[in-house]
Amino acid sequence: MNMIQAVNSAMDVMMGRDENVVVMGEDVGYFGGVFRATAGLQKKYGKTRVFDTPITECGIIGVAIGMGAYGLRPVPEIQFADYIYPALDQLVSEAARLRYRSAGEFIAPLTVRSPFGGGIFGGQTHSQSPESIFTHVSGLKTVIPATPYDAKGLLISCIEDNDPVIFFEPKRIYNGPFDGHWDRPAKNWSNHPGGEVPTGYYRIPLGKASVVREGDAVTILCYGTMVHVVADSVADAGINAEIIDLRTLVPLDIDTIVESVKKTGRCMIVHEATRTQGFGSELSATVQERCFYHLEAPILRVTGFDTPYPHSLEWAYFPGPVRIGQALKEIMKDA
Amino acid sequence: MTGDHQRANRPQLSLHVPEPKFRPGDDVDFSDIAVPAAGTARRPEPGDSPDGFHELAYGLVRVLDEDGRAVGAWDPRLDPDRLRVMLRNMAMTRAFDERMFRAQRQGKTSFYMKSTGEEAVSVAAAMALARDDMCFPSYRQQGILITRDYPLIEMMNQIYSNKGDKLQGKQLPIMYSSREDGFFSISGNLTTQYPQAVGWAMASAAKGDSRIAATWCGEGSTAEGDFHSACTFASVYRAPVILNVVNNQWAISSFSGFAGAEATTFAARAIGYGIAGLRVDGNDPLAVYAATLWAAERARTNQGPTLIEHFTYRAEGHSTSDDPTGYRSAQEWTSWPLGDPVKRLKDHLIGLGAWDEDRQAAMDKECADLVRKTQKEAEKNGILGHGLHQQFETMFEGVYEEMPWHLKEQQAQMIAEEQASGRPWDAK
């Protein structure tokens, strides 16, 4: 399966298992979603379980919270993460705090799916990576898959989770892994082990990272599309790096991270999002606090620049093989 | 490009900034407020198409006339027992407000908000709903809880954030929550509950349930984007929901003109959404009851949502943190043409021969006594600022269903800080 099919399959499996699971969003119903992620679901489960909504993100999330309070398990879609901001009040002030402020009387078991990330010439409003806005909010969980297998297993866990989850889908790797070499032919998931996806029910626990490559020279923390870009850059550089796909940003798999950095003595963080107060800052501070005496080099962050996501200059902005390769040299220079 | 020379002959524009008619010290004259005679508003069938509601959205549904008689098609014809229950719920709400306002002034809690003058909007509406209909209130509908016999002591425990507070001191006073009583957790963020109520109602409809939802916001909060999204969703999916707008003329210091009242009514907003809109005398408990019952029947028969504007007046300050003498005339409440909802219902019952001033006085005293007695009980559980009433570990509970490692770590850090400081909280 590709990642879209895996996401579709996760919703299909969960709708089949739990009649309280409902899917809603702009164009998700009859049409099956602008990325086809909900294709066929309305036909299979009916219009009261899979339905199109008005174009109002605050309404989509607000209504989903009310449905959750009733006892449903809504899976609302925000068409692009760049358009999630109108729903911020409902997510931050309401969904994230409902359990806390009502001492558990009401909960918001939502899974907010949204395509995110760049590398598709999406320009300023189809490329953003706003994960750190959500990781800053207590009460929300934030999950980002890097393969179709993970996407399905994680999404099923999110839908079953009783806390509100932001599930960002890296749209650059919907159809195939992307190593950052935009000038090479596109790959698809059929030749990647992460593209082997069981058709039935399985879950990947939230809060558990995946070590996608073991190594002892440097620990690289990444997620989403960047997992593949990093893997390719590491192979090119011939460095025995340990690559950790975080998968869940909150709650973070601290044990896997700390164990790895203590082993390697070096830590590099890679994300597409802009640098200042990006999630990398939190990762860097956390690693610094817990692995200080094991660090043999400053922690490096390789990120998008602190600019809006540009259209024509996309490959100068995107933290691709060149920038990661330079950073690998930098962090290994005294090794 | 438009050059200066092209604009030379055009009149100068001016910006209109609304201004209330009366400011502190001004004499008040509300004679320009149109108050249609009671009993004159048409009562459509609950299934009627919303496109015929123009005069109801711009008019005023009134049942109680100047002599306290119930007249016209909207008279809900409640029996005296029911009317007395309504009167007592309203009197109790007022007595509770008085006492808790004073408790804040005495430093027993940080904050309080009265609903004086608006008791009908919550009490009469709650009486017209089924007990298991879900209410998504704002912060000024405490009358719903009182009508649903929610224990006063639970309300007070919450206000005091004491050890009896079932919200564990996590919420600002008056931000109640009671799932069991169909009272959704109150949020400080305005109008967020509006789309949530619509979603709850949509879920009820999607599951083939028979319960409906009702929500409340102030006229000031109708300016929030969530109001628009809620009305759109309610209309699109014909959600079984009642959207109440409590137009009490004031949003803290801003008069209703800043929410658009100079140009139209709030009920008229419904017309553009294709929602049935009613404008109701919010100080007429029978009109509020009848309109809510009508809207509930409409919702329950899958005829869709109703938006009800309750035209009323916020008699007191916005909250204990507000001094209304800084922005409006003190005479407004006493000059308000729609009077006092408690007095109007009392006069109606007296007119029916089912009540008298002595019984009213006795009931008022009984309410005040019960509130005072309950307050003493609640204060045994502690008042705000006198020690910590919750185990401080509870601060970290309920952020998530399961406490993640980082919160466990912060919790342990706080406990260690307290122990090391030599001043452990007196919570145990």
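This is a tour of selected places in a predicted model, starting at the contact of chains A and B and ending in a loop of chain B.

**Stop 1: the interface**

Show chain A and chain B together and select the residues where they touch. Chain B contributes 45 residues to this contact and chain A contributes 44 residues. Three residues are worth colouring on the chain B side: Arg179(B), Tyr400(B) and Trp405(B) supply 18% of the area that chain B buries against chain A, more than any other three residues. The size of an interface is often given as the accessible area lost when the parts come together. For chain B and chain A the buried area is about 3,600 Å², and carbon and sulfur atoms give 59% of that area.

Next, look for charged pairs that cross the interface. The rule finds 3 salt bridges between chain B and chain A. One to select is Glu105(A) with Lys166(B), where the closest N and O atoms are 2.7 Å apart. Polar contacts can be shown too: 26 residue pairs are found in polar contact across the interface of chain B and chain A.

Which helices of chain B each supply at least two residues of the side that touches chain A? Select α7 (193-206), α8 (225-236) and α14 of chain B to see them. Of the side of chain B that touches chain A, α7(B) gives the largest share, with 9 residues. Coloured by residue class, the side of chain B that touches chain A divides into 19 nonpolar, 16 polar and 10 charged residues.

**Stop 2: His389(B)**

Stay in chain B and select His389(B). This residue sits in the loop between α13 (357-380) and α14 (405-421) of chain B. Is His389(B) buried or exposed? His389(B) has 16% relative accessibility, and because buried means under 20%, His389(B) counts as buried.

Now display the side chain of His389(B) with the backbone around it. The side chain reaches the backbone oxygen of Ile383(B) at 2.7 Å. A polar atom of the same side chain, that of His389(B), lies 3.4 Å from the backbone oxygen of His386(B). Leaving aside neighbours within four places in sequence, the residues in contact with His389(B) include Tyr160(B), Ser161(B), Asn162(B) and Lys163(B). Also in contact with His389(B) are Asn381(B), Gly382(B), Ile383(B) and Leu384(B).

**Stop 3: an annotated span of chain B**

Select residues 88-383 of chain B. An unreviewed UniProt entry annotates these residues as "domain: Dehydrogenase E1 component". In the model, the span is 44% helix and 11% strand, and the C-alpha atoms at the ends of residues 88-383 of chain B lie 27 Å apart.

**Stop 4: salt bridges inside the chains**

Over all chains, a search of the whole structure finds 43 salt bridges. Begin in chain A with Asp163(A) and Arg99(A), whose closest N and O atoms are 3.3 Å apart. This pair links distant parts of the chain, 64 residues apart. Asp163(A) is in the loop between α7 (148-160) and β6 of chain A, while Arg99(A) is in helix α5 (residues 98-101) of chain A. Both Asp163(A) and Arg99(A) are buried.

Then select Lys263(A) and Glu242(A), whose side chains meet in a salt bridge at 2.5 Å, N to O. Lys263(A) lies in helix α9 (residues 254-264) of chain A and Glu242(A) in strand β9 (residues 241-245) of chain A, so the pair ties together parts that are 21 residues apart in sequence. Lys263(A) is partly exposed, with a relative accessible area of 46%, whereas Glu242(A) is buried at 5%.

Move to chain B and select Arg314(B) and Asp322(B). Their side chains meet in a salt bridge at 3.6 Å, N to O. Arg314(B) is buried, with a relative accessible area of 1%, and Asp322(B) counts as buried at 14% relative accessibility. To see a network of salt bridges, select Arg62(B), Glu66(B), Asp281(B), Asp284(B) and Arg344(B).

**Stop 5: His181(A)**

Back in chain A, select His181(A), in the loop between β6 (165-170) and β7 (210-213) of chain A. At 15% relative accessibility, His181(A) is buried. Not counting residues up to four places away in sequence, His181(A) touches Asp232(A), Asp236(A) and Pro321(A).

**Stop 6: Gly47(B)**

Finish at Gly47(B), in the loop between α1 (4-7) and α2 (54-58) of chain B. Gly47(B) is partly exposed, with a relative accessible area of 42%. Which residues does Gly47(B) touch, not counting those up to four places away in sequence? Gly47(B) touches Arg298(B) and Gln303(B). As a last distance to display, the C-alpha atoms of Gly47(B) and Ala120(B) are separated by 25 Å, and the two residues are 73 residues apart along the chain.

Methods:
Residues numbered from 1 in each chain as written. Chains lettered and ligands numbered in written order. Predicted model: local features only at pLDDT ≥ 70, side-chain atom pairs only at ≥ 80, totals over all residues. Heavy atoms only, no water. Helix = DSSP H or I, 4+ residues; strand = E, 2+ residues; numbered from the N terminus. Buried < 20%, exposed > 50% of the residue type's maximum accessible area, 1.4 Å probe, protein only. Polar contact = N/O pair within 3.5 Å; in protein donor to acceptor, adjacent residues only side chain to side chain. Contact = heavy atoms within 4.5 Å. Buried area = accessible area lost by both parts, 1.4 Å probe. Salt bridge = Lys/Arg side-chain N within 4 Å of Asp/Glu carboxyl O. Nonpolar A, V, L, I, M, F, W, Y, C, P; charged D, E, K, R; others polar. UniProt positions renumbered as here; feature names shortened; annotations may be inferred.
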